[in-house]
Amino acid sequence: MAEMSVDLVAVERRLWSGTASFVSAQTTEGQIGIMPGHEPLLGQLVEGGTVSIVPTEGERIVAAVHGGFFSVTANTVRVLAESAELAGEVDVEAARSVLSDASAAEDEVRIAQGRVRAYERNAEA
């Protein structure tokens, strides 16, 4: 099976590093899926988006990401997010509470939307 090196990093910490067969992310140009051997590219991650990684060993990894960049070469993917958290770390009730708060700031709403999406995508796996 073909594989690529993947790093999922936020400003405050490295969330995951390893080999994977597939990575998908929400960019400002739309949803993108990357497999080993992909053409090089640089994409901007959406505010309040998600990243999914299918590791060569283990279960799928889903993370909520807020801003940053997605860098791809033939055998590496680097996700460099302003902030990120793994779906298993998401406090979904707190995120849903922000979404139901009419006075919540737009930035807080986007982050909460990404957290809920990551939680739900992780539950689908």
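What follows is a conversation between a trainee and a mentor about how some labels in this predicted model are justified.

Trainee: Why is Asp 7 called buried?

Mentor: Asp 7 has a relative accessible area of 11%, and buried means under 20%, so the value falls under the cut-off and the label follows.

Trainee: What makes Arg 78 partly exposed?

Mentor: Its relative accessible area is 26%, and partly exposed covers what lies in between under 20% and over 50%, therefore Arg 78 takes that label.

Trainee: How do you know that the side chains of Arg 78 and Asp 7 meet in a salt bridge?

Mentor: The distance from N to O is 3.1 Å, and a salt bridge asks for a side-chain nitrogen of Lys or Arg within 4 Å of a carboxyl oxygen of Asp or Glu, so this pair meets the rule. The two partners come from distant parts of the chain, with Arg 78 in strand 7 (residues 76-86) and Asp 7 in strand 1 (residues 4-10), 71 residues apart.

Trainee: How many salt bridges does this rule give?

Mentor: The count comes to seven salt bridges.

Trainee: What makes the contact of Arg 13 and Glu 89 a salt bridge?

Mentor: Their side chains meet at 2.4 Å, N to O, and because the rule requires a distance within 4 Å, the pair is counted as a salt bridge. Arg 13 lies in the loop between strand 1 and strand 2, while Glu 89 lies in the loop between strand 7 and helix 1, so the pair ties together parts that are 76 residues apart in sequence.

Trainee: Why are Arg 13 and Glu 89 called partly exposed?

Mentor: Arg 13 has a relative accessible area of 32% and Glu 89 has one of 40%, and because buried means under 20% and exposed means over 50%, each value belongs in between. If neighbours up to four places away in sequence are not counted, Arg 13 touches Ala 84, Glu 85, Leu 86 and Glu 89.

Trainee: How do you know that Arg 110 forms a salt bridge with Glu 106?

Mentor: The closest N and O atoms are 2.2 Å apart, and the cut-off is within 4 Å, so the pair qualifies. Both residues lie in helix 2, four residues apart, which is about one turn of the helix.

Trainee: Is Glu 106 exposed or buried, and why?

Mentor: Glu 106 has a relative accessible area of 56%, and exposed means over 50%, so Glu 106 is exposed. Arg 110, at 28% relative accessibility, counts as partly exposed.

Trainee: Which residues do salt bridges that share partners join into one network?

Mentor: Asp 7, Arg 14 and Arg 78 are joined into one network in this way.

Trainee: Why is Ser 24 called buried?

Mentor: Ser 24 stands at 11% relative accessibility, and because buried means under 20%, the label applies. Ser 24 is found in strand 2, and leaving out residues up to four places away in sequence, Ser 24 touches Gln 31, Ile 32, Gly 33, Thr 50, Val 51 and Ser 52.

Trainee: What makes Val 9 partly exposed?

Mentor: Val 9 is at 22% relative accessibility, and since buried requires under 20% and exposed requires over 50%, Val 9 counts as partly exposed. The place of Val 9 is in strand 1, and apart from its neighbours within four places in sequence, Val 9 is in contact with Arg 14, Leu 15, Val 79, Leu 80 and Ala 81.

Trainee: Which residues make the nonpolar surface patch?

Mentor: Phe 22, Met 35 and Val 54 make this patch, with an area of about 240 Å². Phe 22 is found in strand 2 (residues 14-27).

Trainee: What makes the patch of Glu 47, Glu 82, Asp 101, Asp 107 and Glu 108 one of negative charge?

Mentor: Asp and Glu count as negative, so these residues, which gather on the surface, form a patch of negative charge. Asp 101, one of them, has its place in the loop between helix 1 (92-100) and helix 2 (106-124).

Trainee: Why is Asp 101 called partly exposed?

Mentor: Asp 101 has 37% relative accessibility, and because partly exposed lies in between under 20% and over 50%, the value fits that label.

Key:
Residues are numbered from 1 along each chain as its sequence is written. This is a predicted model: local features need pLDDT of at least 70, side-chain atom pairs count only at pLDDT 80 or more; totals for chains, interfaces and linings use all residues. Side-chain values use heavy atoms; hydrogens and water are left out. Patches are made of residues with over 30% relative accessible area and no salt bridge: like charges are joined within 9 Å, nonpolar side chains (Val, Leu, Ile, Met, Phe, Trp, Tyr) within 5 Å. Accessible areas come from the Shrake-Rupley method with a 1.4 Å probe; for residues, only the protein chains shown count as cover. The place of a charge is taken as NZ of Lys, CZ of Arg, CG of Asp or CD of Glu. Helices (H or I, at least four residues) and strands (E, at least two) are DSSP runs, numbered from the N terminus. Buried means under 20% relative accessible area, exposed over 50%, partly exposed in between (1.4 Å probe, protein chains only). Contact means heavy atoms within 4.5 Å.
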